[in-house]
Amino acid sequence: MTAPGTQAAYRTDDPPAAPASGPKIVVTGATGAVGRHVARLLAQRGTERPGLFVRDPDKAAALGLPGPAVRGDYADRELLRRALDGADAVFVVTANPLRPEDDENILAAARAAGVRHAVKLSWCGVADPGADDLVARWNRRSEEVLRDSGLSWTVLRIRTPMSNALAWAPSIRERGVVRALGGASRTACVDPRDVAAVAVAALTEPRHAGRTYALAGPEALSPREQTAVLAEVLGRRLEFEEITEEEARAGWSRRYGERIAEALVAGARRRAGGAAAARDEGTLAELLGRRPGTFTEWTTDHVGEFS
Ligand SMILES: NC(=O)c1ccc[n+]([C@@H]2O[C@H](COP(=O)([O-])OP(=O)(O)OC[C@H]3O[C@@H](n4cnc5c(N)ncnc54)[C@H](OP(=O)(O)O)[C@@H]3O)[C@@H](O)[C@H]2O)c1
């Protein structure tokens, strides 16, 4: 494996390479935080044929994702099977803890379509014995479904993607304010482009079969510290406002419903106790063959979205 160097993360504005005739790799969750970069990286490599499974083709188009895309929902196993037909590998991203059947549907369809290998996006909290909320139990169960699927598999457990900071973009643009729960709680957030690079390796290189990787970022930052980085990179004054647990719960309930909101509050309490602060100690750097991206670098590449 190459020693960690200083090579920068790939840039999302690189032009895609010419379409190739290599093995087909289907990317589910292709409009998501990591999936979009997996789709772009595969297109840039030009040695595999990416096939995307999306539920909103307009969103995929707005993100400039390379086609072809099949439009569908994880509830439709037959459509999933057709999208996976002829594929060698699949990137599995599910996002709804109230729909545990989504993973089963994707993997049953993959098995029926003759797919060889599945790479699953999961969460570092799975390995935390103190995490017993809905999100933790769902991710644990989803990993079990993968390991029992009969397919060759790789699990990528990640810490919070740096792109979660985009949720602050509207209030930064409008009022120069970041509002969050747990302003002092540090998380070793990870650049989703780095996770995508590992996903592409796991989708294309047999040596990652049967492996579970924990992918954290190179520094543990609190929301207050992230706000300071944003202010520095954006070159403007930003305020951080701590919100109460009740405010956070109410906001998450409106967006995701009460059961998921309760799990997110439980996660925030664990982060306050330091549960998410363990930084990458070499795993991500070794898998990438270079140093992982920092939050300063991620922010520098996303200035336009905060301005
Ligand atoms: N976000 C975090 O803070 C975080 C932190 C650590 C680990 N994780 C883990 O990462 C995994 C992904 O979670 P996420 O919420 O972060 O994902 P995400 O980036 O929001 O991506 C989810 C993707 O799945 C698609 N999708 C969701 N439901 C679908 C359905 N029924 N049919 C078809 N497509 C569907 C979404 O499509 P649309 O674009 O149309 O919605 C999107 O492309 C989970 O296992 C999570 O636990 C997340």
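Let's start at the ligand. One of its oxygen atoms sits 3.4 Å from a polar backbone atom of G29. Keep in mind that this is a predicted model.

K59 also reaches the ligand. Here a polar side-chain atom lies 2.6 Å from a ligand oxygen. L121 uses its backbone instead: an N or O atom there is 3.5 Å from an oxygen atom of the ligand. How much of the ligand does the protein cover? The ligand alone has 900 Å² of accessible area, and the protein covers 81% of that.

Which elements give two or more residues to the shell? They are β5, residues 117-123, and α5, residues 134-147. The largest share comes from β5, with three residues.

Now the whole shell. There are 24 residues around the ligand, and T31, A33, K59, N139 and N164 come nearest. By class, the shell holds 10 nonpolar, nine polar and five charged residues.

Next, V93. Find V93 in the loop between β4, residues 87-92, and α4, residues 101-112. Is V93 buried or exposed? Its relative accessible area is 15%, and buried means under 20%, so V93 is buried. Setting aside neighbours within four places in sequence, V93 contacts T28, G29, Y74 and L121. Two of those names you have heard already. G29 has a polar backbone atom 3.4 Å from a ligand oxygen, and L121 has a backbone N or O atom 3.5 Å from one. G183 is 90 residues from V93 along the chain, and their C-alpha atoms are 29 Å apart.

On to helix α1, residues 35-45. This helix is mostly covered, with nine of its 11 residues buried. The buried ones are G35, H37, V38, A39, R40, L41, L42, A43 and Q44. What do they pack against? Three strands are on the list: β1 at 24-28, β2 at 49-54, and β4. Helix α7 is on the list too. Just after α1 comes G46, with a positive phi of about 75°.

Now L84, in helix α3, residues 77-84. L84 has 2% relative accessibility, so it counts as buried. Leaving out neighbours within four places in sequence, its contacts are V26, V90, I106, A109, A110, A113 and V115. Take I106 from that list. I106 is 22 residues from L84 along the chain, yet their C-alpha atoms are separated by 9.1 Å.

Let's move to helix α10, residues 258-272. Does its length run with or against expectation? At 1.5 Å a residue, its 15 residues should span 21 Å, and the end C-alpha atoms are 21 Å apart, so the two agree. Its buried residues are I260, A261, A263, V265, G267, A268 and R270. They pack against β5, α5 and α9, which is residues 245-256. That brings us back to the ligand shell, where β5 and α5 each give two or more residues. Just after α10, G274 takes a positive phi of about 90°.

Last stop, S185. Look in the loop between β7, residues 177-180, and α7, residues 192-204. Its relative accessibility is 10%, so S185 counts as buried. What does S185 touch, leaving aside neighbours within four places in sequence? The contacts are L221, S222, P223, R271 and A272. Both R271 and A272 fall within the 258-272 range of α10.

Terms used: Residues numbered from 1 in each chain as written. Predicted model: local features only at pLDDT ≥ 70, side-chain atom pairs only at ≥ 80, totals over all residues. Heavy atoms only, no water. Near = heavy atom within 4 Å. Polar contact = N/O pair within 3.5 Å; in protein donor to acceptor, adjacent residues only side chain to side chain. Areas by Shrake-Rupley, 256 points an atom, 1.4 Å probe, with all protein chains shown as cover. Helix = DSSP H or I, 4+ residues; strand = E, 2+ residues; numbered from the N terminus. Nonpolar A, V, L, I, M, F, W, Y, C, P; charged D, E, K, R; others polar. Expected span 1.5 Å × (residues − 1). Buried < 20%, exposed > 50% of the residue type's maximum accessible area, 1.4 Å probe, protein only. Contact = heavy atoms within 4.5 Å.
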